[in-house]
Amino acid sequence: MGKKMIVMILVAMIVMASAAGNRPFVWADDEAYWPAIYRGKDGKPAGIFNDVLTEVFKRLHIPLEKSVYPWKRAQQLVKSGQADGMVTFYTRERKTFSVATEPVWNIGETLFFRRDTSKACKILKINSFDQMRGLTLVDIQGAGWSKEEYKAHGIKDIVWVPTVESAFNMLAKGRVDAFIMFDLNAYNILSRKRTTSDVLQKGYQNIVAITPTFALLPFRLLIQKHSPFAGRVDEINRVLEAMQKDGTYQRILQKYAGISPLL
């Protein structure tokens, strides 16, 4: 690398650091992804990601401005540069506009279906996306990982809905065959829905999960490439590592322990 190029890189880093100054890191994320990130009873962000990132930016002495939205909107805020970052899976499409830290947490994705469906035996044998061809699936608008997998494996029969609850409603009604979902969030929703007295109660009682976990996805803090914080990924990674070593990370996870799958 020539001296001129090195100077240009150093200047760019200085400019980015200067641009950040004391302004907060603007974090936008999902409002309904319990227990990872969700809107708390007070209307503010809550969950594992919130607790982890609050501590990370506290240690870096960087103010943190955080908000939660419908997932599709949160992603658009980051992509357009109106927010600095979000925590999610690093898809090919997201790599075009963001840089990523080491994993903040690994998310378990599980396949849910109705045990009383005529396709139950087929679904129980599924362990790859290839085996889902021929099924009608439901998924959330903005679900980047599964969308890329559907495309790669030629799966086209998908019903896209705005929320997790609306996806489960479709499954409870028997209008779709299966739904791939973050397991802990799904167990929370199903536990609540199974005890309600509405017309979908029986449908929810018949929804079960394939075990073990269908996929384990590393969720990272993705920072918009043009954000002045894009050059601080290494610093954030060092803090994440330190939190693992000093027990802070484990203490945060213990707050959300005790969640078990439905049978």
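Reader: What sign does phi take at glycine 154, just after helix 6?

Author: This is a predicted model, and in it glycine 154 has a positive phi, about 70 degrees, right after helix 6 ends. Helix 6 covers residues 144–152, and its buried residues are Gly144, Trp145, Ser146, Glu148 and Tyr150.

Reader: Which glycine takes a positive phi just after helix 7?

Author: That's glycine 174, with a phi of about 80 degrees.

Reader: And what makes helix 7 largely enclosed by the rest of the structure?

Author: Count its residues: eight of the nine are buried, so helix 7 is largely enclosed. Buried here means under 20% relative accessible area. The residues below that mark in helix 7 are Val164, Ser166, Ala167, Phe168, Asn169, Met170, Leu171 and Ala172.

Reader: Why are helix 7 and helix 8 called oblique to each other?

Author: Look at the angle. The axes of helix 7 (residues 164–172) and helix 8 (residues 183–193) cross at roughly 60 degrees and come within 11 Å. Roughly parallel would need under 35 degrees, and roughly perpendicular starts at 65. The pair fits neither class, and is therefore oblique. The crossing itself is right-handed.

Reader: Which residues make that contact?

Author: Helix 7 brings Val164, Glu165, Phe168 and Asn169, while helix 8 brings Asn185, Ala186, Ile189, Leu190, Arg192 and Lys193. Sorted by type, the residues of this contact are five nonpolar, two polar and three charged.

Reader: What about helix 2 and helix 10: at what angle do they pack?

Author: About 115 degrees, with the axes 10 Å apart. Helix 10 is residues 233–245, and helix 2 passes it in a right-handed crossing. On the helix 2 side you'll find Val52, Glu55, Val56, Phe57 and Arg59; they meet Ile236, Val239, Leu240, Ala242 and Met243 in helix 10. That contact divides into eight nonpolar and two charged residues, with no polar ones.

Reader: Why is histidine 61 called exposed?

Author: Its relative accessible area is 71%, and exposed means over 50%. Histidine 61 is above that cut-off, so it counts as exposed. It sits in the loop between helix 2 (48–59) and strand 5 (64–69).

Reader: What is notable about the phi of histidine 61?

Author: It's positive, about 60 degrees, although this residue is not a glycine.

Reader: And leucine 77, buried or exposed?

Author: Leucine 77 has a relative accessible area of 13%. The cut-off for buried is under 20%, so leucine 77 is buried. You'll find leucine 77 in helix 3 (residues 71–79). Setting aside neighbours within four places in sequence, it touches Ala28, Tyr69, Gln82 and Ala83.

Reader: How far apart are leucine 77 and glutamine 224, in sequence and in space?

Author: They're 147 residues apart in sequence, and 9.8 Å apart in space, C-alpha to C-alpha.

Reader: What makes the bond between tryptophan 34 and proline 35 a cis peptide bond?

Author: Check omega: it's about 0 degrees there. Proline 35 is in the loop between strand 2 (32–33) and strand 3 (37–39).

Reader: Zooming out, how many helices and strands does the protein chain have?

Author: There are 11 helices and 12 strands. Of the chain's 263 residues, 49% count as buried. The chain exposes about 13,600 Å², with 55% of that supplied by carbon and sulfur atoms.

Reader: And what share of the contacts between residues at least 6 apart joins residues at least 24 apart?

Author: For the protein chain, that share is 70%.

Conventions:
Residues are numbered from 1 along each chain as its sequence is written. This is a predicted model: local features need pLDDT of at least 70, side-chain atom pairs count only at pLDDT 80 or more; totals for chains, interfaces and linings use all residues. Side-chain values use heavy atoms; hydrogens and water are left out. Helices (H or I, at least four residues) and strands (E, at least two) are DSSP runs, numbered from the N terminus. Buried means under 20% relative accessible area, exposed over 50%, partly exposed in between (1.4 Å probe, protein chains only). Contact means heavy atoms within 4.5 Å. Accessible areas come from the Shrake-Rupley method with a 1.4 Å probe; for residues, only the protein chains shown count as cover. Axes are lines fitted to C-alpha atoms, for helices over the stretch in contact, and angles run from 0 to 180 degrees between N-to-C directions. Angles under 35 degrees count as roughly parallel, over 145 as roughly antiparallel, 65 to 115 as roughly perpendicular and the rest as oblique. A crossing is left-handed if the near helix is turned anticlockwise from the far one by less than a right angle, and right-handed if clockwise. Ala, Val, Leu, Ile, Met, Phe, Trp, Tyr, Cys and Pro count as nonpolar, Asp, Glu, Lys and Arg as charged, and the others, Gly among them, as polar.
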